[in-house]
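Welcome to a short tour that you can follow in your own viewer. Open the model, keep the selection box handy, and let us walk from stop to stop.

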Amino acid sequence: MVYSMIQLEARFNSRLTHQYDWVFFNDEDFSDEFMAAVRNATNSPCFFEIIPEKHWSVPSWIDTTRFDVGRQFMGSIGVGKAWLQSYHHMCRWNAGLFALEERLASYEFFWRVEPGVDFSCNINYDVFRFMRDNNMAYGFNMAILDDARSFPSLWDRTKTFIKNNKHMIHENADYDWLLQDPLQGDNAMHESQPPKENNNNEESLDRFEYNNCQFYSNFEVGSLAFFRSEEHRAYFEHLDRTGGFYYERFGDAPIHTLSVSLFLPKSRIWYFRDVGYAHGLCEQCPPHQFRLSIDAESQQQPHVRSLPANASLSERHRRWEVISQDVIRQGGIPGLYCGCTVSAIDQNNAKLVPFESKQKKPQHPCIRLYLGGKWLDQRADWDQEAEIAAGRDGLGGYLLDGLESNPFVAHDSGNQR
(Lines give C-alpha, C1' and ligand atoms only; values in the text may rest on other atoms or scores of the structure.)
Protein backbone atom coordinates (compact mmCIF):
# COMPACT_ATOMS: atom_id res chain seq x y z
CA MET A 1 0.00 0.00 0.00
CA VAL A 2 2.88 2.33 0.80
CA TYR A 3 4.17 1.86 -2.76
CA SER A 4 0.87 3.15 -4.18
CA MET A 5 0.72 6.02 -1.71
CA ILE A 6 4.23 7.27 -2.41
CA GLN A 7 3.43 7.54 -6.11
CA LEU A 8 0.07 9.25 -5.72
CA GLU A 9 1.52 11.64 -3.18
CA ALA A 10 4.38 12.54 -5.52
CA ARG A 11 2.16 12.83 -8.60
CA PHE A 12 -0.82 14.56 -6.98
CA ASN A 13 -1.63 14.75 -3.30
CA SER A 14 1.53 16.27 -1.80
CA ARG A 15 0.74 19.71 -3.26
CA LEU A 16 -0.16 22.22 -0.56
CA THR A 17 -3.47 22.91 -2.31
CA HIS A 18 -4.44 19.24 -2.10
CA GLN A 19 -3.30 17.06 0.82
CA TYR A 20 -6.57 15.16 0.90
CA ASP A 21 -7.29 12.63 3.66
CA TRP A 22 -6.40 8.97 3.35
CA VAL A 23 -9.07 6.59 4.68
CA PHE A 24 -8.12 2.92 5.07
CA PHE A 25 -10.67 0.14 5.51
CA ASN A 26 -10.04 -3.39 6.74
CA ASP A 27 -12.04 -6.25 8.19
CA GLU A 28 -9.57 -6.67 11.07
CA ASP A 29 -7.38 -4.44 13.24
CA PHE A 30 -4.54 -2.62 11.53
CA SER A 31 -1.07 -3.38 12.80
CA ASP A 32 1.01 -0.66 14.41
CA GLU A 33 3.63 -1.20 11.71
CA PHE A 34 1.13 -0.61 8.91
CA MET A 35 -0.26 2.55 10.49
CA ALA A 36 3.22 3.95 11.07
CA ALA A 37 4.32 3.16 7.51
CA VAL A 38 1.39 4.86 5.79
CA ARG A 39 1.56 7.89 8.08
CA ASN A 40 5.21 8.29 7.11
CA ALA A 41 4.23 8.25 3.42
CA THR A 42 2.02 11.36 3.59
CA ASN A 43 1.54 14.68 5.33
CA SER A 44 -2.23 14.26 5.08
CA PRO A 45 -4.48 12.97 7.85
CA CYS A 46 -4.89 9.18 7.91
CA PHE A 47 -7.94 7.36 9.25
CA PHE A 48 -8.15 3.63 9.95
CA GLU A 49 -11.60 2.06 9.89
CA ILE A 50 -12.82 -1.44 10.69
CA ILE A 51 -15.60 -2.58 8.38
CA PRO A 52 -18.67 -3.59 10.44
CA GLU A 53 -19.34 -7.32 10.53
CA LYS A 54 -22.75 -6.81 8.90
CA HIS A 55 -20.92 -5.41 5.85
CA TRP A 56 -18.33 -8.20 5.72
CA SER A 57 -20.12 -11.48 6.36
CA VAL A 58 -22.37 -13.92 4.55
CA PRO A 59 -25.95 -12.53 4.66
CA SER A 60 -28.63 -14.53 6.43
CA TRP A 61 -30.51 -15.29 3.20
CA ILE A 62 -27.55 -17.10 1.61
CA ASP A 63 -27.49 -20.92 1.52
CA THR A 64 -23.94 -21.48 2.78
CA THR A 65 -23.75 -25.01 1.39
CA ARG A 66 -24.66 -23.78 -2.08
CA PHE A 67 -22.14 -20.97 -1.69
CA ASP A 68 -19.32 -23.32 -0.67
CA VAL A 69 -20.00 -25.74 -3.53
CA GLY A 70 -20.33 -22.91 -6.03
CA ARG A 71 -17.12 -21.12 -5.10
CA GLN A 72 -15.12 -24.33 -5.21
CA PHE A 73 -16.52 -25.05 -8.67
CA MET A 74 -15.78 -21.54 -9.95
CA GLY A 75 -12.28 -21.79 -8.58
CA SER A 76 -11.77 -25.14 -10.32
CA ILE A 77 -12.61 -23.66 -13.73
CA GLY A 78 -10.31 -20.68 -13.24
CA VAL A 79 -12.63 -17.81 -12.25
CA GLY A 80 -10.23 -15.43 -10.54
CA LYS A 81 -10.19 -15.71 -6.71
CA ALA A 82 -13.75 -17.11 -6.74
CA TRP A 83 -12.83 -19.78 -4.17
CA LEU A 84 -11.95 -17.14 -1.56
CA GLN A 85 -14.83 -16.23 0.73
CA SER A 86 -13.16 -12.92 1.54
CA TYR A 87 -13.10 -11.99 -2.14
CA HIS A 88 -16.88 -12.37 -2.34
CA HIS A 89 -17.19 -10.12 0.72
CA MET A 90 -14.89 -7.58 -0.93
CA CYS A 91 -16.87 -7.51 -4.19
CA ARG A 92 -20.13 -7.02 -2.30
CA TRP A 93 -18.68 -4.27 -0.09
CA ASN A 94 -17.14 -2.37 -3.00
CA ALA A 95 -20.30 -2.71 -5.07
CA GLY A 96 -22.46 -0.76 -2.66
CA LEU A 97 -21.82 -0.99 1.06
CA PHE A 98 -18.61 1.08 1.10
CA ALA A 99 -20.54 4.32 0.52
CA LEU A 100 -22.57 3.70 3.67
CA GLU A 101 -19.58 3.60 6.02
CA GLU A 102 -19.85 6.26 8.73
CA ARG A 103 -16.34 7.59 8.20
CA LEU A 104 -17.24 8.62 4.64
CA ALA A 105 -20.42 10.47 5.62
CA SER A 106 -18.77 13.90 5.48
CA TYR A 107 -16.98 13.38 2.15
CA GLU A 108 -18.30 14.39 -1.25
CA PHE A 109 -16.06 12.26 -3.49
CA PHE A 110 -13.81 9.21 -3.18
CA TRP A 111 -10.76 8.05 -5.14
CA ARG A 112 -10.17 4.32 -4.91
CA VAL A 113 -6.50 3.39 -4.49
CA GLU A 114 -5.41 -0.25 -4.54
CA PRO A 115 -2.15 -1.72 -3.19
CA GLY A 116 0.65 -2.23 -5.68
CA VAL A 117 -0.51 0.15 -8.40
CA ASP A 118 1.50 2.60 -10.48
CA PHE A 119 0.65 6.24 -11.10
CA SER A 120 3.01 7.11 -13.93
CA CYS A 121 2.11 10.74 -14.79
CA ASN A 122 2.02 14.03 -12.93
CA ILE A 123 -1.57 15.09 -12.27
CA ASN A 124 -1.42 18.86 -12.63
CA TYR A 125 -4.94 19.75 -11.52
CA ASP A 126 -7.26 19.01 -8.64
CA VAL A 127 -9.19 15.89 -9.63
CA PHE A 128 -11.87 16.40 -6.97
CA ARG A 129 -12.47 20.03 -7.89
CA PHE A 130 -12.65 19.01 -11.54
CA MET A 131 -15.37 16.49 -10.70
CA ARG A 132 -17.33 18.98 -8.60
CA ASP A 133 -16.97 21.99 -10.90
CA ASN A 134 -18.05 19.98 -13.95
CA ASN A 135 -20.90 18.13 -12.22
CA MET A 136 -19.26 14.75 -12.78
CA ALA A 137 -20.40 11.75 -10.77
CA TYR A 138 -18.04 9.03 -11.98
CA GLY A 139 -14.57 8.89 -13.49
CA PHE A 140 -12.62 5.95 -14.97
CA ASN A 141 -9.55 5.45 -17.12
CA MET A 142 -9.98 1.98 -18.62
CA ALA A 143 -12.95 0.12 -20.09
CA ILE A 144 -12.22 -3.55 -20.69
CA LEU A 145 -13.85 -6.97 -20.95
CA ASP A 146 -14.48 -9.07 -17.86
CA ASP A 147 -14.64 -12.85 -17.59
CA ALA A 148 -18.31 -13.67 -18.22
CA ARG A 149 -18.13 -16.82 -16.12
CA SER A 150 -18.01 -14.62 -13.01
CA PHE A 151 -21.60 -13.38 -13.32
CA PRO A 152 -23.74 -15.51 -15.68
CA SER A 153 -27.05 -14.20 -14.28
CA LEU A 154 -26.11 -10.52 -13.83
CA TRP A 155 -27.80 -9.22 -16.98
CA ASP A 156 -30.99 -11.23 -16.39
CA ARG A 157 -31.17 -9.83 -12.86
CA THR A 158 -30.52 -6.35 -14.22
CA LYS A 159 -33.25 -6.67 -16.86
CA THR A 160 -35.71 -7.64 -14.15
CA PHE A 161 -34.77 -4.54 -12.17
CA ILE A 162 -35.15 -2.29 -15.23
CA LYS A 163 -38.57 -3.71 -16.07
CA ASN A 164 -39.80 -3.23 -12.50
CA ASN A 165 -38.24 0.22 -12.00
CA LYS A 166 -38.51 2.06 -15.30
CA HIS A 167 -38.98 5.33 -13.44
CA MET A 168 -35.46 5.08 -12.02
CA ILE A 169 -33.70 4.86 -15.38
CA HIS A 170 -32.34 8.29 -16.33
CA GLU A 171 -34.07 9.79 -19.35
CA ASN A 172 -30.67 10.41 -20.95
CA ALA A 173 -29.11 7.11 -19.91
CA ASP A 174 -26.86 5.53 -22.53
CA TYR A 175 -26.22 1.84 -22.00
CA ASP A 176 -26.42 0.77 -25.62
CA TRP A 177 -22.63 0.42 -25.66
CA LEU A 178 -22.99 -2.41 -23.13
CA LEU A 179 -25.39 -4.47 -25.26
CA GLN A 180 -24.90 -6.99 -28.05
CA ASP A 181 -27.20 -9.12 -30.16
CA PRO A 182 -26.68 -12.84 -29.43
CA LEU A 183 -28.19 -13.70 -32.84
CA GLN A 184 -25.23 -12.12 -34.63
CA GLY A 185 -22.28 -14.28 -35.60
CA ASP A 186 -19.42 -15.09 -33.28
CA ASN A 187 -17.20 -12.17 -32.28
CA ALA A 188 -19.65 -9.70 -33.79
CA MET A 189 -21.29 -6.73 -32.18
CA HIS A 190 -24.90 -6.13 -33.17
CA GLU A 191 -25.04 -3.82 -36.14
CA SER A 192 -27.96 -1.72 -34.95
CA GLN A 193 -28.45 -0.77 -31.31
CA PRO A 194 -31.86 -0.20 -29.73
CA PRO A 195 -33.26 3.25 -30.52
CA LYS A 196 -32.90 5.63 -27.59
CA GLU A 197 -36.64 5.97 -27.17
CA ASN A 198 -36.96 2.20 -26.81
CA ASN A 199 -34.23 1.68 -24.23
CA ASN A 200 -36.76 0.54 -21.62
CA ASN A 201 -38.89 -1.45 -24.05
CA GLU A 202 -39.17 -5.02 -22.72
CA GLU A 203 -38.94 -6.59 -26.16
CA SER A 204 -35.78 -4.61 -26.87
CA LEU A 205 -34.27 -5.57 -23.51
CA ASP A 206 -35.01 -9.25 -24.03
CA ARG A 207 -33.42 -9.21 -27.48
CA PHE A 208 -30.00 -8.03 -26.33
CA GLU A 209 -27.48 -9.36 -23.85
CA TYR A 210 -24.71 -7.78 -21.81
CA ASN A 211 -21.41 -7.72 -23.72
CA ASN A 212 -19.34 -7.97 -20.49
CA CYS A 213 -17.66 -4.58 -20.90
CA GLN A 214 -16.84 -2.78 -17.67
CA PHE A 215 -15.11 0.27 -16.31
CA TYR A 216 -12.00 -1.09 -14.60
CA SER A 217 -12.92 -0.08 -11.07
CA ASN A 218 -9.47 -0.53 -9.55
CA PHE A 219 -9.15 3.09 -10.61
CA GLU A 220 -12.29 5.11 -10.06
CA VAL A 221 -13.22 8.53 -8.77
CA GLY A 222 -16.82 8.87 -7.79
CA SER A 223 -19.56 10.82 -6.10
CA LEU A 224 -20.53 9.30 -2.77
CA ALA A 225 -23.93 10.94 -3.14
CA PHE A 226 -24.51 8.86 -6.27
CA PHE A 227 -23.53 5.60 -4.59
CA ARG A 228 -25.87 6.47 -1.71
CA SER A 229 -28.68 7.45 -4.07
CA GLU A 230 -32.06 5.75 -4.12
CA GLU A 231 -31.37 4.34 -7.57
CA HIS A 232 -28.00 2.76 -6.88
CA ARG A 233 -29.01 1.43 -3.48
CA ALA A 234 -32.17 -0.12 -4.89
CA TYR A 235 -30.20 -1.77 -7.71
CA PHE A 236 -27.52 -3.03 -5.33
CA GLU A 237 -30.07 -4.40 -2.86
CA HIS A 238 -31.94 -6.11 -5.69
CA LEU A 239 -28.76 -7.86 -6.82
CA ASP A 240 -27.72 -8.62 -3.25
CA ARG A 241 -31.01 -10.39 -2.53
CA THR A 242 -30.55 -12.67 -5.55
CA GLY A 243 -27.41 -14.08 -3.94
CA GLY A 244 -25.21 -13.28 -6.94
CA PHE A 245 -22.29 -12.04 -4.82
CA TYR A 246 -21.99 -15.54 -3.30
CA TYR A 247 -23.63 -18.09 -5.61
CA GLU A 248 -21.71 -16.49 -8.47
CA ARG A 249 -18.97 -13.86 -8.27
CA PHE A 250 -20.73 -10.63 -9.06
CA GLY A 251 -17.97 -8.02 -9.23
CA ASP A 252 -18.12 -4.39 -8.24
CA ALA A 253 -16.75 -3.30 -11.65
CA PRO A 254 -19.64 -4.54 -13.85
CA ILE A 255 -22.17 -3.42 -11.25
CA HIS A 256 -20.73 0.09 -11.06
CA THR A 257 -20.60 0.18 -14.86
CA LEU A 258 -24.22 -0.85 -15.29
CA SER A 259 -25.34 1.44 -12.47
CA VAL A 260 -23.75 4.64 -13.74
CA SER A 261 -24.86 3.81 -17.29
CA LEU A 262 -28.47 3.29 -16.20
CA PHE A 263 -28.89 6.06 -13.64
CA LEU A 264 -26.66 8.85 -14.99
CA PRO A 265 -26.48 10.76 -18.26
CA LYS A 266 -23.26 10.13 -20.11
CA SER A 267 -22.34 13.78 -19.63
CA ARG A 268 -21.67 13.04 -15.94
CA ILE A 269 -19.16 10.25 -16.63
CA TRP A 270 -15.54 11.21 -17.35
CA TYR A 271 -12.76 9.31 -19.09
CA PHE A 272 -9.47 10.16 -17.33
CA ARG A 273 -7.26 9.40 -20.31
CA ASP A 274 -4.63 11.80 -18.94
CA VAL A 275 -4.00 9.74 -15.78
CA GLY A 276 -1.25 7.17 -16.28
CA TYR A 277 -2.13 4.05 -14.30
CA ALA A 278 -1.20 0.38 -14.06
CA HIS A 279 -2.56 -2.48 -11.99
CA GLY A 280 -1.44 -6.00 -12.69
CA LEU A 281 -1.88 -6.84 -16.37
CA CYS A 282 -3.80 -3.67 -17.15
CA GLU A 283 -2.13 -0.33 -17.77
CA GLN A 284 -2.73 2.86 -19.65
CA CYS A 285 -0.27 5.59 -20.49
CA PRO A 286 -1.62 8.81 -22.05
CA PRO A 287 0.01 10.70 -24.95
CA HIS A 288 2.61 12.87 -23.29
CA GLN A 289 5.33 12.97 -25.90
CA PHE A 290 5.70 13.89 -29.54
CA ARG A 291 3.82 11.73 -32.01
CA LEU A 292 6.28 11.45 -34.90
CA SER A 293 4.30 11.36 -38.14
CA ILE A 294 7.16 10.62 -40.48
CA ASP A 295 5.71 10.73 -43.95
CA ALA A 296 2.57 10.31 -46.02
CA GLU A 297 2.71 6.53 -45.67
CA SER A 298 2.75 6.60 -41.88
CA GLN A 299 0.07 9.30 -41.83
CA GLN A 300 -2.22 6.96 -43.76
CA GLN A 301 -1.21 3.93 -41.72
CA PRO A 302 -0.98 5.04 -38.07
CA HIS A 303 -0.14 1.51 -36.97
CA VAL A 304 3.25 1.86 -38.69
CA ARG A 305 5.53 3.23 -35.95
CA SER A 306 9.09 2.31 -36.89
CA LEU A 307 11.57 2.73 -39.72
CA PRO A 308 12.02 -0.25 -42.07
CA ALA A 309 15.15 -2.20 -41.23
CA ASN A 310 16.40 -1.99 -44.82
CA ALA A 311 15.86 1.72 -45.32
CA SER A 312 18.79 3.38 -47.06
CA LEU A 313 20.96 5.86 -45.16
CA SER A 314 19.81 8.75 -47.34
CA GLU A 315 16.19 7.74 -46.80
CA ARG A 316 16.73 7.73 -43.03
CA HIS A 317 18.33 11.16 -43.20
CA ARG A 318 15.35 12.44 -45.18
CA ARG A 319 12.95 11.07 -42.63
CA TRP A 320 14.87 12.48 -39.68
CA GLU A 321 14.77 15.89 -41.35
CA VAL A 322 11.00 15.58 -41.59
CA ILE A 323 10.89 14.52 -37.94
CA SER A 324 12.86 17.55 -36.79
CA GLN A 325 10.35 19.81 -38.50
CA ASP A 326 7.38 17.83 -37.23
CA VAL A 327 8.52 17.98 -33.59
CA ILE A 328 8.01 21.74 -33.61
CA ARG A 329 4.30 21.49 -34.33
CA GLN A 330 3.41 18.37 -32.32
CA GLY A 331 3.12 17.92 -28.61
CA GLY A 332 1.52 15.74 -26.02
CA ILE A 333 -1.13 16.82 -23.55
CA PRO A 334 0.20 20.22 -22.39
CA GLY A 335 2.32 20.01 -19.26
CA LEU A 336 1.87 16.24 -18.88
CA TYR A 337 5.02 14.47 -17.68
CA CYS A 338 5.01 10.68 -17.46
CA GLY A 339 7.33 7.79 -16.76
CA CYS A 340 5.69 5.32 -19.13
CA THR A 341 5.42 4.50 -22.82
CA VAL A 342 2.29 5.82 -24.55
CA SER A 343 -0.28 3.08 -25.04
CA ALA A 344 -3.18 2.72 -27.44
CA ILE A 345 -6.55 3.18 -25.78
CA ASP A 346 -7.66 -0.42 -26.44
CA GLN A 347 -4.53 -2.41 -25.56
CA ASN A 348 -6.08 -3.80 -22.34
CA ASN A 349 -9.36 -4.88 -23.88
CA ALA A 350 -9.29 -8.65 -23.25
CA LYS A 351 -6.52 -9.06 -20.67
CA LEU A 352 -8.92 -10.30 -17.97
CA VAL A 353 -10.44 -12.94 -20.27
CA PRO A 354 -8.51 -16.24 -20.52
CA PHE A 355 -6.87 -16.66 -23.93
CA GLU A 356 -8.60 -20.01 -24.51
CA SER A 357 -12.02 -18.66 -23.53
CA LYS A 358 -14.93 -19.21 -25.91
CA GLN A 359 -16.60 -16.08 -24.53
CA LYS A 360 -18.31 -14.13 -27.26
CA LYS A 361 -16.55 -10.81 -27.66
CA PRO A 362 -18.00 -7.62 -29.13
CA GLN A 363 -16.69 -6.56 -32.51
CA HIS A 364 -15.11 -3.40 -31.11
CA PRO A 365 -13.04 -2.95 -27.92
CA CYS A 366 -15.02 -1.71 -24.93
CA ILE A 367 -13.46 1.75 -24.75
CA ARG A 368 -14.24 2.34 -28.44
CA LEU A 369 -17.85 1.31 -27.90
CA TYR A 370 -18.06 3.79 -25.04
CA LEU A 371 -16.48 6.66 -27.00
CA GLY A 372 -18.32 5.85 -30.22
CA GLY A 373 -18.17 8.18 -33.22
CA LYS A 374 -14.88 8.28 -35.09
CA TRP A 375 -13.29 5.89 -32.60
CA LEU A 376 -15.14 3.09 -34.43
CA ASP A 377 -13.96 4.08 -37.94
CA GLN A 378 -11.76 1.49 -39.63
CA ARG A 379 -9.52 1.36 -42.68
CA ALA A 380 -11.34 0.02 -45.72
CA ASP A 381 -8.50 -2.42 -46.52
CA TRP A 382 -8.17 -3.83 -42.99
CA ASP A 383 -8.22 -7.63 -42.74
CA GLN A 384 -8.67 -8.39 -39.04
CA GLU A 385 -8.47 -12.16 -39.47
CA ALA A 386 -5.18 -11.86 -41.34
CA GLU A 387 -3.80 -9.61 -38.60
CA ILE A 388 -4.74 -12.10 -35.89
CA ALA A 389 -3.30 -14.97 -37.98
CA ALA A 390 -0.03 -13.03 -38.10
CA GLY A 391 0.11 -13.08 -34.30
CA ARG A 392 -1.05 -9.53 -33.60
CA ASP A 393 -3.99 -8.41 -31.48
CA GLY A 394 -6.43 -7.72 -34.31
CA LEU A 395 -6.92 -4.08 -33.30
CA GLY A 396 -4.64 -2.38 -35.84
CA GLY A 397 -7.27 -1.33 -38.34
CA TYR A 398 -8.77 1.67 -36.57
CA LEU A 399 -8.13 5.13 -37.96
CA LEU A 400 -7.62 6.50 -34.43
CA ASP A 401 -5.45 4.62 -31.97
CA GLY A 402 -5.31 7.01 -29.02
CA LEU A 403 -1.65 7.82 -29.58
CA GLU A 404 -2.52 11.19 -31.10
CA SER A 405 -0.54 14.05 -29.62
CA ASN A 406 -3.53 15.54 -27.81
CA PRO A 407 -6.71 13.44 -28.13
CA PHE A 408 -8.74 16.01 -26.20
CA VAL A 409 -8.58 18.57 -29.00
CA ALA A 410 -7.28 16.81 -32.11
CA HIS A 411 -10.45 15.01 -33.11
CA ASP A 412 -14.18 15.45 -32.79
CA SER A 413 -15.12 11.95 -31.69
CA GLY A 414 -18.61 13.03 -30.71
CA ASN A 415 -18.32 11.42 -27.27
CA GLN A 416 -15.06 12.50 -25.60
CA ARG A 417 -15.52 11.72 -21.94
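## First stop: N13

Select N13: it counts as buried, because its relative accessibility is 3% (buried means under 20% relative accessible area, exposed means over 50%, and partly exposed is in between, with a 1.4 Å probe and protein chains only). Before going on, note that this is a predicted model, in which local features need pLDDT of at least 70, side-chain atom pairs count only at pLDDT 80 or more, and totals for chains, interfaces and linings use all residues. Residues are numbered from 1 along each chain as its sequence is written, and side-chain values use heavy atoms, with hydrogens and water left out.

N13 belongs to helix α1, which covers residues 2-13. Helices (H or I, at least four residues) and strands (E, at least two) are DSSP runs, numbered from the N terminus. Which residues does N13 touch, not counting residues up to four places away in sequence? Show L8, H18, Q19, Y20, W22, T42 and S44 to see them; contact here means heavy atoms within 4.5 Å. Now add V127: its C-alpha atom is 9.9 Å from that of N13, although the two residues are 114 residues apart along the chain.

Stay in helix α1 and select Q7. Q7 has a relative accessible area of 15%, so it is buried. Setting aside residues up to four places away in sequence, Q7 touches V117, D118 and F119.

## Zoom out: the whole chain

Now show everything. The chain contains 16 helices and 13 strands. Of its 417 residues, 52% are buried. Among contacts with a separation of 6 or more, 78% join residues 24 or more positions apart. If you switch on the surface, the accessible area comes to about 19,800 Å², and 49% of that belongs to carbon and sulfur atoms; such areas come from the Shrake-Rupley method with a 1.4 Å probe, and for residues only the protein chains shown count as cover.

## An enclosed helix: α4

Select residues 85-95, which form helix α4. Why is α4 described as largely enclosed by the rest of the structure? The reason is that 8 of its 11 residues are buried. Colour H88, H89, M90, C91, R92, W93, N94 and A95 to pick out the buried residues of α4. What do they pack against? Their partners are strands β1 (22-26) and β3 (109-112), together with helices α3 (64-76), α9, α10 (244-247) and α11 (252-263).

## Two helices crossing: α6 and α9

Helix α9 deserves its own stop. Select residues 230-242 for α9 and residues 154-164 for α6: the two pack at an angle of about 130 degrees, with their axes 10 Å apart. The axes are lines fitted to C-alpha atoms, for helices over the stretch in contact, and angles run from 0 to 180 degrees between N-to-C directions. The angle makes α6 oblique to α9, because angles under 35 degrees count as roughly parallel, over 145 as roughly antiparallel, 65 to 115 as roughly perpendicular and the rest as oblique.

To see the contact, show side chains for L154, R157, T158, T160 and F161 of α6, and for E231, A234, Y235, H238, L239 and T242 of α9.

## Two loops with a positive phi

Next, select N135, in the loop between α5 (127-133) and β5 (138-140). Its phi is near 55 degrees, a positive value in a residue other than glycine. Most residues other than glycine have a negative phi. N135 is partly exposed, with a relative accessible area of 46%.

Then select N212, in the loop between β8 (209-210) and β9 (213-215). Phi of N212 is also positive, near 75 degrees. Is N212 buried or exposed? At 8% relative accessibility, N212 counts as buried.

## Last stop: N348 and E283

Finally, find N348 in the loop between α13 (313-329) and α14 (366-371). N348 is buried, at 3% relative accessibility. Leaving aside neighbours within four places in sequence, N348 is in contact with M142, I144, L281, C282, E283 and Q284.

Click on E283, which sits in strand β13 (residues 282-284). E283 is partly exposed, at 41% relative accessibility. Outside its neighbours within four places in sequence, E283 is in contact with M142, Y277, A278, S343, Q347 and N348.
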